[in-house]
Amino acid sequence: MESLIPIYTLEQFAEFNNLTLLNKEILSCVCGPEDLDAIDLNYPSKISSFSLFLVTSGKVRLNIDFQEIALRQNDIIFLYPNNVIEFLEVSTDASFQSLFISGEYFTNLNLQMNSKDALEILSNNFSKILSLCADSTTHIAKSFERLRFLNDPANETIFYKEMQKGIINLIMYELAGYLQKQQNNLLKTYRKEDIAIRFANLVGQHYQTRRDVQFYADQIFITRTHLTRTIKEVYLKNPKQIIEDKIISEAKILLLKSEYSINQVMTELKFEDQSTFTKFFKKKTGFSPNAYRKSLASA
């Protein structure tokens, strides 16, 4: 069965936010305190693009795949098309900016280090926060703002695409420069980050039918002990918790769909019986599936 997490294309995301773009391969947007009411908390989803998420004030707590992440002012994170993103909490004074880049556009950036190397540099810091200095935050925030201006049909100029690409290159170089300073650290941790990424991808493929940690260790050709130690270090959770978090994320999406009975949700997620599913869901969320569904209806 395909993932039940809703996946939005960049174009769909722009339409949802009533944005008209000159270049539909990129989207820069800003969210301030006055926009926070529009954010749906505890609603996991995906956007099929690369993205940068920069916090310029306040605090934002996210769930990215299986990892809870707390972002503060000057923090930025690089996200991938397959990442499941869920807002958990946003402070009342929070403001943040996001830049979404289609996969094809990203691979065609004219970076001297080429896009593949840039992606590998950033992936070494997979699902980790990069804390910028105030000046770099200002530079990047202004770059995002400039991209919004250049992508507005009201401001169309003959070379807007070239200008956009140049600005995105500058952003990527600035972030790569930050990471380069930590290169010795990153070289030491590359293997564990690689294991963590592979494990997360495997969980996404097999969570319905394989919930035993040994299966995933065998797929990566390492011991269960090594896998557990590595996953704890990277995600601050053990492999079993991550598998269970994935199941809960999918269960939440199914429970949003009124056409699915609790029994159908249980069947889709391959639980033996409804009692086992109810016990599992309540242990992880504090609600029975039925109570969770009712809470959504009354929200």
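**Entry 1: Lys252 and Glu86**

I checked burial for two charged residues in this predicted model. Lys252 is buried, and Glu86 is buried too. I then looked for a link between them. Lys252 makes a salt bridge with Glu86, and the closest N and O atoms are 3.6 Å apart. Lys252 sits in helix α9 (residues 239-256) and Glu86 in strand β8 (residues 85-90), so this pair ties together parts that are 166 residues apart in sequence. I note the general point: side chains of opposite charge can pair when their charged atoms come close.

**Entry 2: Lys284 and its partners**

How many salt bridges does the structure hold? I find nine. I took Lys284 next. Its side chain meets that of Glu244 in a salt bridge, 3.5 Å from N to O. Lys284 lies in helix α11 (residues 274-285) and Glu244 in helix α9, so the pair joins parts 40 residues apart in sequence.

Lys284 also meets Asp245 in a salt bridge, at 3.4 Å from N to O. Asp245 is in helix α9 and Lys284 in helix α11, so this pair ties together parts that are 39 residues apart in sequence.

Buried or partly exposed? I looked up each residue. Lys284 counts as partly exposed, at 31% relative accessibility. Glu244 is buried, with a relative accessible area of 18%. Asp245 counts as buried at 15%. I also traced the wider set: Lys237, Glu244, Asp245 and Lys284 are linked in a network of salt bridges.

**Entry 3: cysteines**

I searched the whole structure for disulfides and got zero. Why is Cys29 not bonded to Cys31? The sulfur of Cys29 lies 8.1 Å from that of Cys31, which holds the closest cysteine sulfur, and this is too far for a bond. The cut-off for a disulfide is 2.5 Å between the sulfur atoms. Cys29 is buried, with a relative accessible area of 18%. Cys133 is partly exposed, with a relative accessible area of 34%.

**Entry 4: strands β5 and β6**

I followed the side chains along strand β6 (residues 67-72). Gln67, Ile69 and Leu71 point to one face and are buried. Glu68, Ala70 and Arg72 point to the other face and are not buried. This fits a general rule: in a regular strand the side chains alternate between the two faces of the sheet.

Which strand did I find paired with β6? Strand β5 (residues 59-64) pairs with β6 in the antiparallel sense, over six bridges. Within this pairing I located Val60, which stands opposite Leu71 in β6.

**Entry 5: aromatic rings**

I find ten aromatic pairs in the structure. I picked Phe53 and Phe96: their ring centres are 4.7 Å apart and their planes stand at 35°, so the pair is tilted. To count as stacked, the planes would have to be under 30 degrees apart. Phe53 lies in strand β4 (residues 50-57) and Phe96 in strand β9 (residues 95-101), so the pair ties together parts that are 43 residues apart in sequence. Phe53 counts as buried at 6% relative accessibility. Phe96 counts as buried, also at 6%.

I then looked for a cluster. Phe271, Phe277, Phe280, Phe281 and Tyr292 form one.

**Entry 6: Ser136 and Lys165**

Where is Ser136? I place Ser136 in helix α4 (residues 134-150). Ser136 is buried, with a relative accessible area of 5%. Leaving out residues up to four places away in sequence, Ser136 touches Glu174 and Tyr178.

I moved on to Lys165, which is found in helix α5 (residues 160-181). Lys165 counts as partly exposed, at 23% relative accessibility. Its C-alpha is 9.1 Å from that of Tyr105, and the two residues are 60 apart in sequence.

**Entry 7: the whole chain**

I closed with totals. The protein chain has twelve helices and ten strands. Of its 299 residues, 50% are buried. I looked at contacts between residues at least 6 apart in sequence: 73% of them join residues at least 24 apart. The accessible surface of the chain comes to about 15300 Å². Carbon and sulfur atoms account for 50% of that surface.

Methods:
Residues numbered from 1 in each chain as written. Predicted model: local features only at pLDDT ≥ 70, side-chain atom pairs only at ≥ 80, totals over all residues. Heavy atoms only, no water. Helix = DSSP H or I, 4+ residues; strand = E, 2+ residues; numbered from the N terminus. Buried < 20%, exposed > 50% of the residue type's maximum accessible area, 1.4 Å probe, protein only. Contact = heavy atoms within 4.5 Å. Areas by Shrake-Rupley, 256 points an atom, 1.4 Å probe, with all protein chains shown as cover. Salt bridge = Lys/Arg side-chain N within 4 Å of Asp/Glu carboxyl O. Pairing = 2+ DSSP bridges. Phe/Tyr/Trp six-rings, centres within 6.5 Å; stacked < 30°, edge-to-face > 60°.
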